[in-house]
Amino acid sequence: MQDYNLVLKRNPMKPDEAKKWYAVPQSRESQDTKTMTRAATENTTTAPIEMETAIDLFGKYAVQQLLQGHTVRVGNLGSLRITFKSEGVENINNFNAGTMIKKARVVFAPTKELRDSVVRQLKFQNGGVLEDGVNYASLADYRKAKGISAGGGGSNEDEGEDPSV
């Protein structure tokens, strides 16, 4: 279940319009490697330490390959690649990679199968409301604190209903 907070903010593409409520995903802490490898290898003949070692070795290999300009395939999960932004010049002789290439980053692109599998099974649940630095535990708590009735055409996702269905 993917929890989300409702956050009141402006649309950066339309700064003159009134603020609107937007759903923003809540992120939980990631599992440490030991926990993840134990769970992933449960009921298999692979030892968690073997998987940890394989992940570590693959990470070192991926860095090497990315630095050589290769896209790195991560099995059936997707691929890693380097992207960046660049300033432009009118005269090719004025281009300086050291100062004009900016915001280099590594991007993961999931396969269509991974993306579709996750999205197809995704369900949403209201995890609260964030307004002016105050985090209300639920939409019901926010309404109560603000003296707002439950009307307004929305669903009862704060009552445990799944609005994605």
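**View 1. The β6–β7 hairpin in this predicted model.** E131 finds its bridge partner in V134, a residue of β7. Here β6 and strand β7 (residues 134-136) go antiparallel, held in register by three bridges. Look between the strands and you'll find two residues. D132 is the one to spot in this hairpin, with a positive phi near 50°.

**View 2. β1 meets β6.** Strand β1 covers residues 2-9, strand β6 covers residues 124-131, and the two run parallel. Count the bridges between them and you get five. For a landmark, pick D3, which sits opposite Q125 of β6.

**View 3. The four-stranded sheet, seen as a whole.** Step back from the β1 and β6 pair, and an open sheet appears with the strand order β2-β1-β6-β7. Its pairing is mixed. On the outside are β2 (20-25) and β7, the edge strands, each of which pairs on one side only. From one strand to its neighbour in this sheet, the turn is 30° on average, direction ignored. What lies across β1, β2, β6 and β7? That's helix α5, residues 139-146, and the helix runs at about 30° to β6.

**View 4. The β3–β4 hairpin.** Now over to another hairpin, where β3 and β4 run antiparallel and share three bridges. R73 stands opposite S79, which belongs to β4. Three residues fill the gap between the strands of this hairpin. Which residue takes a positive phi here? It's G75, with a value near 55°.

**View 5. β4 alongside β5.** Strand β4, residues 78-86, is joined to β5 by eight bridges, again in antiparallel fashion. Two pairs make handy markers along the way. K85 has K102 of β5 as its bridge partner, while S79 is partnered by A109 of β5. Note that S79 also turns up in View 4, standing opposite R73. In a regular strand, side chains alternate between the two faces of the sheet.

**View 6. The three-stranded sheet and its helix.** Put the last two views together and you have an open sheet in the order β3-β4-β5, with antiparallel pairing. β3 (72-74) and β5 (101-110) are the edge strands, and each pairs on one side only. Neighbouring strands of this sheet are turned by 30° against each other on average, if you ignore direction. Helix α2, made of residues 48-67, lies across β3, β4 and β5. Against β3, the helix runs at about 150°.

**View 7. Inside the second largest pocket.** The space in this pocket comes to about 150 Å³. Who lines the second largest pocket? The residues are A54, I55, F58, V74, G75 and L77. Helix α2 supplies the largest share of that lining, three residues. Sorted by class, the lining has five nonpolar residues, one polar residue and no charged ones. You've met G75 before, as the positive-phi residue in the hairpin of β3 and β4.

**View 8. The annotated stretch, end to end.** UniProt, in an unreviewed entry, lists residues 4-125 as "domain: HU". Zoom in on the two ends of that span, and the end C-alpha atoms are 6 Å apart. Residues 4-125 are 35% helix and 30% strand.

Definitions and conventions
Residues numbered from 1 in each chain as written. Predicted model: local features only at pLDDT ≥ 70, side-chain atom pairs only at ≥ 80, totals over all residues. Heavy atoms only, no water. Pairing = 2+ DSSP bridges. Axes fitted to C-alpha atoms, helices over the stretch in contact; angles between N-to-C directions. Contact = heavy atoms within 4.5 Å. 1 Å grid on protein atoms, 1.4 Å probe; cavity = no way out; pocket = protein on both sides within 12 Å on 5 of 7 lines; lining within 4 Å. Points joined across faces, edges and corners; volume = space filled by probe spheres on them. Nonpolar A, V, L, I, M, F, W, Y, C, P; charged D, E, K, R; others polar. UniProt positions renumbered as here; feature names shortened; annotations may be inferred.
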